[in-house]
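Visitor: Please take a close look at one part of this model. I would like the helix packing at the C-terminal side of the chain, and the empty space beside it.

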Amino acid sequence: MKYYLAPLEGITTYIYRRAYHQHFAPMDKYFTPFLVPHTKKGFSTKEKNDVMPEYSPGMNLVPQIMSNQAESFLHTVEKLKVYGYEEVNLNLGCPSKTVVSKGRGSGFLADPDGLDRFLDEIFKKCDVKISIKTRIGKDDPEEFARLLDIYNQYPVEELIIHPRVQKDFYKNQPNLGAFHDAVEESKIPLCYNGDIFTPESYEEMKREFPQVDTFMLGRGILMNPALLDLIRIREKTDVKKTTDIDVTEWKKEETSRKMQSADRYKKEIHAFLEQIKCDYLEVGMGEKNTLFKLKELWAYMGQNAPEAKKALKRIRKSQSMADYDSASREALEDFILF
């Protein structure tokens, strides 16, 4: 099985990815938040930091590009090749209204003919691998059949599908029927992305799509940075369960393992957050902006600490790093891993 970390704008920066990679089960691929082509000769400092290989040591990093103009896309690819990249990812999935209003991200899906022309040009002229992250349409799942026909015409390295339409944003349930259609009809290797928040929900997707061996984790990792570790532990213990005659003894071992793992991973999450804090401060982010970044992470992680309401409120209202540190430690005590 292969696992990828989804890109989330402003969150999964090189500082987040580096801390994650050092503290938790490594991903097979990491993707940068999207780069929007511009006319500058080089990248901005922020963009450069996110794509410089030395800032993402030991990672298989793929830059993501958001564009609906072939010339701009190709120009950005040339800039990325300077850093040694041999694969880029095209963002056709972002549901943000500001992005969609410009016909980019999942907004580009509303113009299948224009998308077809765009793909034709970039695949003719590009000499690096191109993977695509897509939704199944802009307004209606019925759009996906046409989109998949278009994708199948090109040598796409990999098709990462989030089976929602743009107007869903992250509401409603993923359209598993559409992903089943992709499994049946796609000529391209597939990766499933969407609503994997626990080891159990991951196992449900594995049972639903046994042919698929690649999964992208996004919000689930933000909610619980140890999610992939727990998925891999679960896979190992499931093997043991199928071969162990004494199921009662196995359950006792599993309960003990969970208790030990919970304590260990809470300490690891604390160290992970500390590294992010220190790294942002070290690059000159400043205490106020670093606090904003940490509060943003807790907006996701807090969903796994429903009993820590007072501590989470203190995190949201903290105006100093000392206040944040105290509240963060308290919230982690009630953090639910399993």
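Guide: Here are the helix contacts, followed by a cavity.

The model is predicted, so local features need pLDDT of at least 70 and side-chain atom pairs count only at pLDDT 80 or more, while totals for chains, interfaces and linings use all residues. Residues are numbered from 1 along each chain as its sequence is written, and side-chain values use heavy atoms, with hydrogens and water left out.

Helices are DSSP runs of H or I, at least four residues, numbered from the N terminus. Helix α13 spans residues 309-317 and helix α14 residues 321-333. They pack at about 155 degrees, with axes 8 Å apart. Axes are lines fitted to C-alpha atoms over the stretch in contact, and angles run from 0 to 180 degrees between N-to-C directions. α13 is therefore roughly antiparallel to α14 (an angle over 145 degrees). The crossing of α13 and α14 is left-handed: the near helix is turned anticlockwise from the far one by less than a right angle.

From α13, the contact takes Ala 311, Leu 312, Arg 314 and Ile 315. From α14 come Asp 323, Tyr 324, Ser 326, Ala 327, Ser 328, Glu 330 and Ala 331. Contact means heavy atoms within 4.5 Å. The contact of α13 with α14 has 6 nonpolar, 2 polar and 3 charged residues. Ala, Val, Leu, Ile, Met, Phe, Trp, Tyr, Cys and Pro count as nonpolar, Asp, Glu, Lys and Arg as charged, and the others, Gly among them, as polar.

α14 also meets α12. Their axes come within 11 Å and cross at roughly 15 degrees. α12 and α14 are therefore roughly parallel (under 35 degrees). This crossing is left-handed too. α12 gives Glu 287, Thr 290, Leu 291, Leu 294, Trp 298 and Met 301. α14 gives Met 321, Tyr 324, Ser 328, Ala 331 and Leu 332. By class, the contact of α12 with α14 has 8 nonpolar, 2 polar and 1 charged residues.

α12 also lines a cavity: it gives 3 residues, the largest share, to the lining of the second largest one. A cavity is a set of points on a 1 Å grid over the protein atoms alone where a 1.4 Å probe fits but cannot get out, and lining residues have an atom within 4 Å of a point. The volume is about 50 Å³, counted as the space filled by probe spheres set on the points, which are joined across faces, edges and corners. Its lining includes Lys 293, Glu 296 and Leu 297.

Methods:
Helix = DSSP H or I, 4+ residues; strand = E, 2+ residues; numbered from the N terminus. Parallel < 35°, antiparallel > 145°, perpendicular 65-115°, else oblique. 1 Å grid on protein atoms, 1.4 Å probe; cavity = no way out; pocket = protein on both sides within 12 Å on 5 of 7 lines; lining within 4 Å.
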